[in-house]
Amino acid sequence: MSARGGWIPWAAGIALVLAAGVVTAVTPPEDALTDPFFTRAAVDDTATSRTLIAAVQGASFADRLTVADKWEGDGNWLVIELAVSAPTTEEDAVIGVASLVIDGQVFLASERPPTSLLRAKLRVGTDTVGTLAFELPEGLRTGNGELRLSGEYPTPRLDDVITFPLSLDEVPQDTDRELDEPRLGAP
């Protein structure tokens, strides 16, 4: 074996090791095969997923929520008004999971207010207008968050999730807030 040809196997070996490193680096993790698909929209825009069409109509903080003479709750509440409908079929057309992600912490929409949009049946071609209420830790009223809406399954594998960015610093603050029943019609 000549000295000139001895470097070729070494170069080929190094090239193969580098190629294997590149393949490993660009291969997604196994969880990525079943992760949800995020459909991102601005707060003043409408987003469409497989089972939902949603638009944020507004948001406000409140220290106390009431629902007629049926229910009341004190706390640090973030209330988000939405207009939602079904895109093509009313089958599975509900907000099954609504979450708010702030600095890596996940807060689920409260089921305490009896007028929540959670699990309200949605219609094709007609908006259902209503609210979701998030009970946040005391003093958490600043920063950036992301509202996430998905269908009826608690873990939306291989399904889409609608997301809206929220700047909590820009959300108005009220002392009391009356929540209405979801209603059909334009916002």
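Ser-60 is a buried residue in this predicted model, with a relative accessible area of just 5%. That puts Ser-60 below the 20% cut-off, so the label "buried" applies. The residue belongs to strand 3, which spans residues 53-67. Its side chain isn't left without a polar partner: a polar contact of 2.8 Å runs to the side chain of Arg-177. Leaving aside residues up to four places away in sequence, the neighbours that Ser-60 touches are Trp-77, Leu-78, Val-79 and Glu-81, along with Val-171, Pro-172, Asp-174 and Arg-177.

Two of those neighbours, Glu-81 and Arg-177, also pair with each other. They form a salt bridge whose closest N and O atoms sit 2.8 Å apart. This pair links distant parts of the chain, with Glu-81 in strand 4 (residues 71-85) and Arg-177 in strand 10 (residues 173-178), 96 residues apart. Neither end is out in the open: Glu-81 is buried at a relative accessible area of 17%, and Arg-177 counts as buried at 17% relative accessibility. Arg-177 thus has a side-chain polar contact with Ser-60 as well as the salt bridge to Glu-81.

Another neighbour of Ser-60, Trp-77, brings in the aromatic side of things. Searching the whole structure turns up one aromatic pair. It consists of Trp-71 and Trp-77, with ring centres 5.9 Å apart and planes at 80 degrees, so the geometry is edge-to-face. Both tryptophans are buried.

Strand 5 (residues 97-102) is next. Six of its six residues are buried, so the strand is largely enclosed by the rest of the structure. As a general point, side chains in a regular strand alternate between the two faces of the sheet. Here both faces are covered: Val-97, Ser-99 and Val-101 are buried on one side, and Ala-98, Leu-100 and Ile-102 are buried on the other.

Strand 5 has pairing partners too. Six bridges join it to strand 8 (residues 144-150), and the two run antiparallel. With strand 6 (residues 105-108), strand 5 pairs over four bridges, again in the antiparallel sense. Ile-102 takes part in both pairings, with Gly-145 as its bridge partner in strand 8 and Gln-105 as its bridge partner in strand 6. Strands 5 and 6 make up a hairpin with two residues between them. In that turn, Asp-103 has a positive phi of about 50 degrees.

Back to charges: the structure holds nine salt bridges, and one of them involves strand 8. The side chains of Glu-146 and Arg-40 meet at 3.0 Å, N to O. Glu-146 lies in strand 8 and Arg-40 in strand 1 (residues 37-40), so the pair ties together parts that are 106 residues apart in sequence. The two ends differ in exposure: Glu-146 counts as buried at 17% relative accessibility, whereas Arg-40 is exposed, at a relative accessible area of 57%.

A further salt bridge brings together the side chains of Glu-111 and Arg-119, at 2.5 Å, N to O. Glu-111 counts as exposed at 59% relative accessibility, while Arg-119 is partly exposed, with a relative accessible area of 44%. Elsewhere, salt bridges that share partners join Arg-40, Glu-146 and Arg-148 into one network.

Key: Residues are numbered from 1 along each chain as its sequence is written. This is a predicted model: local features need pLDDT of at least 70, side-chain atom pairs count only at pLDDT 80 or more; totals for chains, interfaces and linings use all residues. Side-chain values use heavy atoms; hydrogens and water are left out. Rings of Phe, Tyr and Trp (its six-membered ring) pair if their centres lie within 6.5 Å; planes under 30 degrees apart count as stacked, over 60 as edge-to-face and the rest as tilted. Buried means under 20% relative accessible area, exposed over 50%, partly exposed in between (1.4 Å probe, protein chains only). A polar contact is a pair of N or O atoms within 3.5 Å; within protein, one must be able to donate a hydrogen and the other to accept it, and residues adjacent in sequence count only if both atoms are side-chain atoms. Contact means heavy atoms within 4.5 Å. Two strands pair if DSSP finds at least two bridges between them. A salt bridge is a side-chain nitrogen of Lys or Arg within 4 Å of a carboxyl oxygen of Asp or Glu.
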